[in-house]
Amino acid sequence: METYGLEKLGIINPKNVYRNLAPAALVEKALERGEGTLSNSGALVVKTGKYTGRSAKDKFIVDSKGVHDEIAWGSVNVPCTQEQFDAIYEKMIAYLQNRDIFIFDGFAGADPKYTKRFRIVNELASQNLFIHQLLRRPTADQLKDFEEDYTIIAAPGFKCIPERDGTRSEAAIMIDYEKKLVLIAGSRYAGEIKKSVFSVMNYILPKMGVFPMHCSANIGDAGDSAVFFGLSGTGKTTLSADPNRKLIGDDEHGWSDDSVFNFEGGCYAKCINLSAEGEPEIYNAIKFGALVENVVMDPETREFDFDDDSLAVNSRVGYPVEYIPNAELSGMSESVPKTVIFLTADAYGVMPPISRLDRNQAMYYFVSGFTSKLAGTEIGVKEPVPTFSTCFGEPFLPLDPSIYAEMLADKVEKAGAHVYLVNTGWNGTGKRMKLSYTRAMVTAALTGEIEKSEFVTDPYFGVAVPTSIEGVPSELLIPENTWEDKAEYAKMAKTLAESFNENFKKYTNMSDEVKAAGPKP
């Protein structure tokens, strides 16, 4: 039996080894093994059990001598010892003996100058299907001489014992950057594999002069590319899926000196409240070859109920990017972005719906990674709640935020790009900004029409705000104009400004100029 070099990982006596099976074969194997069922649209449907999302508190990085001074250690990048990692590794490979092993050898990074080769070793056929569709798939010729740069071993059936293994639960996601090895134990949530690749790329690429980004990206007919940063609920997927532009990717990208490129070859979209009318591209991508996680399905009709969150609020579907009709299948643009958009959903109703940022402001708002929850959206939330995620991707960034912020500023400056902060949230009327208005603002930014407007300075956030944009009522562009109670507007603006400044105190490596670019309460 061909084992494709598993012995060098210490995995011996496997029952069967399957390498880079076609999606149809992986679906068959998953069904044979009882890992899932088929929907009426042909998608493979699985339940991930206890873990329906990333287990952030179970992620560790080996504190080895070679990386100790590089990693931004803290509550996100939690250290473990080499001995802890090695002990779990030995137990995991012992667990995999006499079991079926599924290998996917593939790539991350569409630009061949920066492509990295990943070997994913799976216990589950369904997870192997997922990563086959999410990463970039090799040709038969590329597989012949494939030698991986990094290896990820995912064995959800192996449960850690915290008292024995020094973990926080039965799950563990452990990265050894020096050994170029990632272990994923105890969790069937496929997103752990995807985000482990992202965490590796966020460590590697800055050393190569490439700015790694947690963002979506698209490209216009003239070859003009744009990137969209934003946390969940801000409209990143919706706004980057522009019918007049091609989608490069929806989540992970690199910005080099001469390109912007997708790390992946697929998409991992949320399914909660999904509808054919609201998001037809995602809805229609749920077909044979797609992997659906934790969506309630009628056992007889095999029809989905996307509104039912009893299995998980974070229900997901993974599918190859070619399932999207307006995708740029090369996964890259041979031109650097000219437009950078930070998306936020301000529930305080005080941030401008669109504003232009200078260099220091761009670094400040990028590092802050702000959005907010609206009162009433969650049990116990009575006032707007600010949410900050460093660089719009805090859980996946091993290096100090100042490194990523400097790279953003340098790339923007070299490209002559404009940076805009777009608020898709609420204003003083108590209503959320209409999607049609936000699209008009984003279009004006992409075409450059916005620069023909007169700009004024926001009194609290210091950003440059346009006074007119075609297709948008001018009174909506200035936040104060939407408030009847001006004193309440001032109170809410000061409250949010103070939240920004309080959050930014933790970034001790940022320059005084960047710190001073924040809001003024």
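Author: A nonpolar core is a set of buried Ala, Val, Leu, Ile, Met, Phe, Trp, Tyr and Cys residues joined through side-chain atoms within 4.5 Å. Buried means under 20% relative accessible area, exposed over 50%, and partly exposed in between (1.4 Å probe, protein chains only). The structure is a predicted model, in which local features need pLDDT of at least 70 and side-chain atom pairs count only at pLDDT 80 or more, while totals for chains, interfaces and linings use all residues. Residues are numbered from 1 along each chain as its sequence is written, and side-chain values use heavy atoms, with hydrogens and water left out.

Reader: How many residues does the largest nonpolar core have?

Author: Nonpolar side chains tend to be buried together in soluble globular proteins. In this model, F118, F229, F342, Y365 and F366 have the most contacts inside the largest core. Contact means heavy atoms within 4.5 Å; beyond four places in sequence, the contacts of F366 include F211, F229, F342 and L408. A second, separate core has 27 residues, among them L9 and C80, whereas the largest core has 104 residues.

Reader: Which strands stand at the edges of the open sheet?

Author: Strands (E, at least two residues) and helices (H or I, at least four) are DSSP runs numbered from the N terminus, and two strands pair if DSSP finds at least two bridges between them. The open sheet has 8 strands in the order β1-β6-β7-β8-β10-β9-β4-β5, with mixed pairing. Two of these strands have a single partner each, so one side of each is left without a neighbour in the sheet: β1 (16-19) and β5 (79-80).

Reader: Which residue in β5 stands opposite V62?

Author: Strand β4 comprises residues 59-62 and pairs with β5 in the parallel sense over 2 bridges. Within β5, the residue opposite V62 is C80.

Reader: What angle does the direction of helix α2 make with that of β10?

Author: Helix α2 (residues 82-95) packs on the sheet and touches β4, β5, β8, β9 and β10. Axes are lines fitted to C-alpha atoms, for helices over the stretch in contact, and angles run from 0 to 180 degrees between N-to-C directions. For α2 and β10, the angle is about 65°.

Reader: Is S225 buried or exposed?

Author: S225 is found in strand β12 (residues 225-230). Residues that S225 touches include N218, R245 and K338. The relative accessibility of S225 is 2%, so S225 counts as buried.

Reader: Where is K180 placed?

Author: K180 is not a glycine, although its phi is positive, about 60°. With a relative accessible area of 41%, K180 is partly exposed. Its place is in the loop between β9 and β10.
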